[in-house]
Every structure is written in C-alpha cells, then in structure tokens.
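Me: Could you take one part of this model and walk me through it up close? I'd like to see how it fits together.

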Amino acid sequence: MRVVLSGGGTGGHIYPALAVASRCAAEFPESEFLYIGGQRGLESTLVPKAGIPFEAIDITGFRRKLSFENMKTVIRFLKGVSRSKQLLREFKPDVVIGTGGYVCGPVVYAAAKLGIPSVIHEQNAVPGLTNRFLSKYVSTVAVSFEGSEQAFPGAKHVIYTGNPRATTVFEADKNKGFASLGLPQGSSIVLVVGGSRGAKAINRAMVEMAPFVRNLGHLSFVYVTGDTYYEATLREIQTQTGGVPKNLMVKPYVHDMPEVLAATSLIVNRAGASFLAEMTSLGIPSILIPSPNVTNNHQEKNARTMEKAGAARVILEPDLNGQRLFSAIKDIMLDPSLHASMSESSRKLGKPESAGLIVEEMRRISAGSRK
C-alpha cells in the first residue's frame with residue numbers, strides 16, 4: 001500500500017500514526033509512506049527519526065474567541081489544502097489516515113476532495129473540532145473508546161479499534177525496560193510522568209512527595225519531569241530531601257517508553273488517550289491527573305472512563321498535592337488484591353490488536369476504491 005499519514009502537535013497524535021505505519025509495513029512489506037505534518041509540531045523531528053519521508057505545511061488551529069488570527073487560520077487552511085492536493089497528486093496514495101491535530105484538517109480534506117479513501121482516528125472520548133469536521137468527508141472514522149461511535153452521527157462508517165499505540169507497547173520487552181533503568185528484573189516500578197513535555201502541577205506534587213518515597217524503600221520510583229522542567233525540579237527535590245532518595249530516579253525524558261512501561265507496576269500520569277491505550281494494553285493500574293487545559297475537558301472524560309471500569313484512581317489538578325499523591329500510591333501498592341483487581345480491569349480495556357484493525361480497514365477501503 002501507498003499510505004499518507006498525518007497527525008501532529010504532540011506525541012499523542014504522532015505515535016499512533018507511526019504505530020499504524022509500523023504495522024502496515026509488517027503486513028505489507030512493499031508499503032511506501034509519506035507523512036504530512038506541521039512546521040512547528042514534534043512531528044517535524046520525530047517522523048524523520050523514524051525513517052519516514054516528511055513534508056510540512058503551515059497551519060495553525062482556530063482560537064475559541066473571535067479574532068483576526070482566525071482569519072489568518074482560514075487562509076492557512078486553504079493554502080494547506082492546495083499544498084496537500086499537490087503532494088497527494090505527486091505521491092498517489094492508496095489511502096490517507098489522520099490521527100489528530102489541526103494539521104490533519106487540510107490533508108484529509110484534500111484527500112476526500114480528490115476521491116482518495118481516507119480514515120481518521122479519534123483518540124479521545126470526546127472528539128475534537130478537526131475530527132468532527134472531517135468525519136463528514138472521510139471513508140471511515142475509527143474510535144478509541146467503545147461507545148463513542150455515537151459522537152459521529154454524520155459519518156459514513158464508524159468502527160471501534162482502540163488506539164494503535166497500544167500495539168507498539170504490547171509487543172515491548174519488559175526486560176529491556178528494567179535494563180535501561182539499571183534496575184533488577186522484577187523490580188516494582190512506580191512511573192510518574194506528565195506527558196512528552198512534562199506537567200508543572202505533577203512536578204510540583206512530586207517535589208512535595210519526594211521526602212516520603214524513602215518510606216516505601218521496596219519500590220523504585222521513576223520520575224520523568226520533561227526536558228524543560230528537569231534542572232529546576234531536580235534542584236528543588238535535592239533541597240527538599242537533602243539529596244535524592246536512593247529509590248527515586250529523576251529523568252528529563254524516557255526515549256524507550258514502551259519497554260519502560262512494560263516493566264512498570266503503577267503509573268501516575270495525565271489522561272491523554274495514547275498513554276491510556278498503552279497502559280491498558282499491558283494492564284497497568286494508574287493514578288490519573290487529567291489536564292484541565294484541553295479542549296472540551298476531554299482528559300477528565302477519558303480518566304473517568306478508566307475510573308468507572310476500576311482501572312484507575314483520578315485526582316483532579318486542584319486537589320493534587322504531594323501527600324495525597326503519596327497516599328494514593330501507597331494504597332494501591334501496599335494492597336496486592338487491589339493492585340491485581342485494577343490491573344485486570346485495565347487489561348480488559350486494552351486493545352493490543354488496534355493497529356492491525358486499522359490497517360485492515362485501510363486495506364478494505366483502498367481495495368474497494370479500485371473495484
């Protein structure tokens with residue numbers, strides 16, 4: 001298959017697209033790919049590192065309030081459609097897939113107008129503006145959460161696939177995760193991470209919690225601050241504790257996250273859809289701190305879905321502090337039956353075959369267009 005991928009802004013949109021590309025290449029070794037992303041997003045660095053040809057368009061998202069900047073966005077969108085059409089005509093894809101972010105708007109819309117089969121993947125329980133717009137034009141909408149199909153009443157075809165990032169993590173080697181952290185195999189790891197760029201509120205809570213981690217010496221805490229926050233946060237922890245506790249590892253970023261996740265016993269994180277898919281594919285219990293700074297408060301809705309299923313505890317950001325976070329970790333990690341129950345609930349929500357389901361749908365619609 002010849003496939004154009006689009007998705008950008010954050011790792012939560014990019015990694016699912018790369019997971020689809022990986023599965024597609026495994027099933028169809030002759031596949032060729034082109035990734036169309038934004039000039040400013042993480043995709044401009046992550047995609048070339050993955051060895052996939054990359055083309056950039058200039059596009060920004062709409063602001064919620066009326067402003068002159070929105071007029072500029074409309075102009076950029078129209079130019080983006082024109083540029084996308086040019087790239088699509090040159091590459092001649094069998095199918096186009098968009099995995100979220102406003103860059104998908106002009107790319108997938110251009111594909112629909114050219115009659116190219118297309119798929120959009122909605123990662124969150126509540127769809128974003130771009131995917132709601134595109135759902136009326138694409139061949140198929142794929143959703144991550146069972147039951148969210150109804151959010152796309154105008155779509156031609158909607159399927160529940162889960163999030164393709166789950167497939168990547170499900171296949172990861174936990175022994176490599178232990179080795180990359182320098183920990184003995186079988187260590188009980190509590191992973192604390194605020195997303196690919198870090199989260200100020202989680203960092204603040206971890207600074208407050210750092211003096212307590214010595215009380216759980218049998219656990220290994222791995223704390224990922226995000227590159228921007230690393231040096232200042234590490235200094236604060238050293239000040240609070242008089243030296244970083246032996247069972248606390250502070251890192252700016254984890255490059256081999258799938259392997260580390262495979263070795264993890266409990267995760268503290270935001271409630272971005274890709275991370276939830278990764279956790280559930282492995283059956284990892286979680287403490288979720290949804291970001292309040294997202295469209296339609298979709299992270300809290302994601303988190304409540306996990307909580308309702310018994311797979312997670314939810315702490316809202318206004319209620320977050322070091323003592324409360326430590327208590328939640330202690331409750332789960334010192335109660336084997338609770339940990340096992342949450343793990344099983346998490347695993348039941350997992351969809352490790354997700355990438356394969358999406359690739360099969362791509363194959364189906366591309367084959368149908370050639371009849």
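Reply: Let's start with V4, which stands opposite V96 in β4. Before going on: the model is predicted, so local features need pLDDT of at least 70 and side-chain atom pairs count only at pLDDT 80 or more, while totals for chains, interfaces and linings use all residues. Residues are numbered from 1 along each chain as its sequence is written, and side-chain values use heavy atoms, leaving out hydrogens and water.

Back to our spot. V4's neighbourhood is the pairing of β1 (residues 2–6) with β4 (residues 95–98), parallel and held by four bridges. Strands here are DSSP runs of E with at least two residues, helices are runs of H or I with at least four, and both are numbered from the N terminus. Two strands pair if DSSP finds at least two bridges between them. In general, strands of a sheet pair through backbone hydrogen bonds, either parallel or antiparallel.

Now zoom out a bit. The strands β3-β2-β1-β4-β5-β6-β7, in that order, make an open sheet of seven with parallel pairing. At its edges are β3 and β7 (158–160), each with a single partner strand, so one side of each has no neighbour in the sheet. On average, neighbouring strands are turned by 20° against each other, direction ignored. For the angles, axes are lines fitted to C-alpha atoms (for helices, over the stretch in contact), and angles run from 0 to 180 degrees between N-to-C directions.

What packs on this sheet? Helix α1 (residues 11–27) does, touching β1, β2 and β4, and its direction makes about 175° with that of β2. Touching means contact, that is, heavy atoms within 4.5 Å. Helix α4 (residues 104–113) packs on the sheet too, touching β1, β2, β3, β4 and β5 (118–122), with its direction at about 155° to that of β4.

There's an aromatic side to the story as well. Rings of Phe, Tyr and Trp (its six-membered ring) pair if their centres lie within 6.5 Å; planes under 30 degrees apart count as stacked, over 60 as edge-to-face and the rest as tilted. By this rule there are seven aromatic pairs. One of them joins Y35 and F54: the ring centres are 6.1 Å apart and the planes sit at 35°, so this pair is tilted. Y35 belongs to β2 (residues 32–38) and F54 to β3 (residues 54–57), so the pair ties together parts that are 19 residues apart in sequence.

For contrast, look at the other sheet. Six strands form it, open again, in the order β10-β9-β8-β11-β12-β13 with parallel pairing. Its edge strands, β10 (248–251) and β13 (312–314), each pair on one side only. The twist there averages 15° from one strand to the next.
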